[in-house]
Amino acid sequence: MAGVWRCGRHALALERTLVMGIVNVTPDSFSDGGDYATAEAAVEHGLRLVEEGADILDVGGESTRPGSQEVPSEVEAARVLPVVERLARETGVPISVDTRHAEVARAALGAGASIVNDVSGFRDPAMVEVAAGSDAGLVVMHMLGEPRTMQADPRYGDVVAEVKAFLAQRAEALKAAGVGADRICVDPGIGFGKTLEHNLALLRALPQLGELGYPVLVGASRKRMIGDITGEAEPKRRLGGSVGVAVWAAVHGAAVVRVHDVRETRQALAVWEALVSGWPGGAA
Ligand code: HH2
């Protein structure tokens, strides 16, 4: 997908699939809980991911894994703000804040973040207000219900049609509040109120989600769907499956992949890009 995604002072060219590296400042994330729980460790991790080729860093201070409890905004803000501030100052890449809370989003933008990544899809009017009052890029993700209960018994009539309609409707609400269309990115929310069948249907339907006209982000890194397919119970041992999904997403039009393992993902995408571009001699 050509064009640009406007994220504050950054205009991200959508010529190749961008890699968003995950920086979880949480004690309890399913995938890397506690590994980078201090600001110092999280900043170091973020700097390493940029060296490895991350185009964007996504900083989160609240785990939204299935069954997780909501974290008070003050706790979340205390975790993410020092990390956002330093990474915005010390790297050249846009910093995204992964939050559902308007106060945290507003403070993170003040600390230098250029993207608000809301797993609730800007359903909260206060989040729409923060978005409209900024020039940040916005990731609008689909989630059925909320993290505490979302995996209990997720049901859809037609998962692709329903997710697509939700994303279209939330994007319209943001535009009605004054947000430019070129700031919006949409995400089907792999694993957020979805069975394996739902996740696979959405991944197969990425070109249909692309028809909405916004860049599409896919986050499947280390998630349970990979464990369900492969039998690998330990999230950190799902690298091969994670890279496999990232390449599938890129081939099917994803503009951004959200991943823990930046170096390996970049390497896989570089090989695919070389093949489709006909490198070294021209178009394939
Ligand atoms: N997935 C997670 C968190 N934030 N944001 C977007 N836009 N898309 C996603 O798929 C997505 C997301 C969950 O992954 P992780 O950050 O590894 O885990 P946790 O929520 O336990 O911190």
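This passage walks through the ligand site, the sheet and two backbone oddities of a predicted model.

Start with the ligand. A shell of 19 residues surrounds it, and Ser 29, Ser 63, Asn 117, Asp 187 and Lys 223 are the closest. Sorted by class, that shell breaks down into 6 nonpolar, 8 polar and 5 charged residues. Several side chains put an N or O atom within reach of a ligand oxygen. For Ser 29 the distance from such a side-chain atom to an oxygen atom of the ligand is 2.5 Å. With Lys 223, one of the closest residues, the corresponding distance is 2.7 Å. Arg 258 also takes part, with a side-chain N or O atom 2.9 Å from a ligand oxygen. As for how much of the ligand is left open, the protein covers 98% of the 480 Å² of accessible area that the ligand has on its own. The space that the ligand takes up is also the largest pocket in the model.

Next comes the sheet. Strands in a sheet are held in pairs by backbone hydrogen bonds, and the pairing can be parallel or antiparallel. Here the sheet is open, has 8 strands and pairs them in parallel, in the order S8-S7-S6-S5-S4-S3-S10-S9. Its edges are strand S8, covering 184–187, and strand S9, covering 217–218, each of which pairs on one side only. Asp 187, listed among the closest residues to the ligand, falls within the range of edge strand S8 (184–187). Elsewhere in the sheet, strand S4 (residues 56–60) runs parallel to strand S5 (residues 95–98), and 4 bridges join the two. Within this pair, Asp 58 sits opposite Ser 96 of S5.

Two spots in the backbone deserve a look. One is the peptide bond from Trp 279 to Pro 280, which is cis, with omega near 10°. Pro 280 belongs to the segment that follows helix H10 (262–277). The other is Phe 122, which is not a glycine yet has a positive phi of about 55°. Phe 122 is found in the loop that links strand S6 (115–118) with helix H4 (125–132). Strand S6 (115–118) itself sits between S7 and S5 in the sheet order.

Notes
Residues are numbered from 1 along each chain as its sequence is written. This is a predicted model: local features need pLDDT of at least 70, side-chain atom pairs count only at pLDDT 80 or more; totals for chains, interfaces and linings use all residues. Side-chain values use heavy atoms; hydrogens and water are left out. A residue is near a molecule or strand if one of its heavy atoms lies within 4 Å of it. A polar contact is a pair of N or O atoms within 3.5 Å; within protein, one must be able to donate a hydrogen and the other to accept it, and residues adjacent in sequence count only if both atoms are side-chain atoms. Accessible areas come from the Shrake-Rupley method with a 1.4 Å probe; for residues, only the protein chains shown count as cover. On a 1 Å grid over the protein atoms alone, a cavity is a set of points where a 1.4 Å probe fits but cannot get out, and a pocket is an open set with protein on both sides within 12 Å along at least five of seven lines; lining residues have an atom within 4 Å of a point. A molecule sits in a cavity or pocket if more than half of its atoms lie within 2 Å of its grid points. Ala, Val, Leu, Ile, Met, Phe, Trp, Tyr, Cys and Pro count as nonpolar, Asp, Glu, Lys and Arg as charged, and the others, Gly among them, as polar. Two strands pair if DSSP finds at least two bridges between them.
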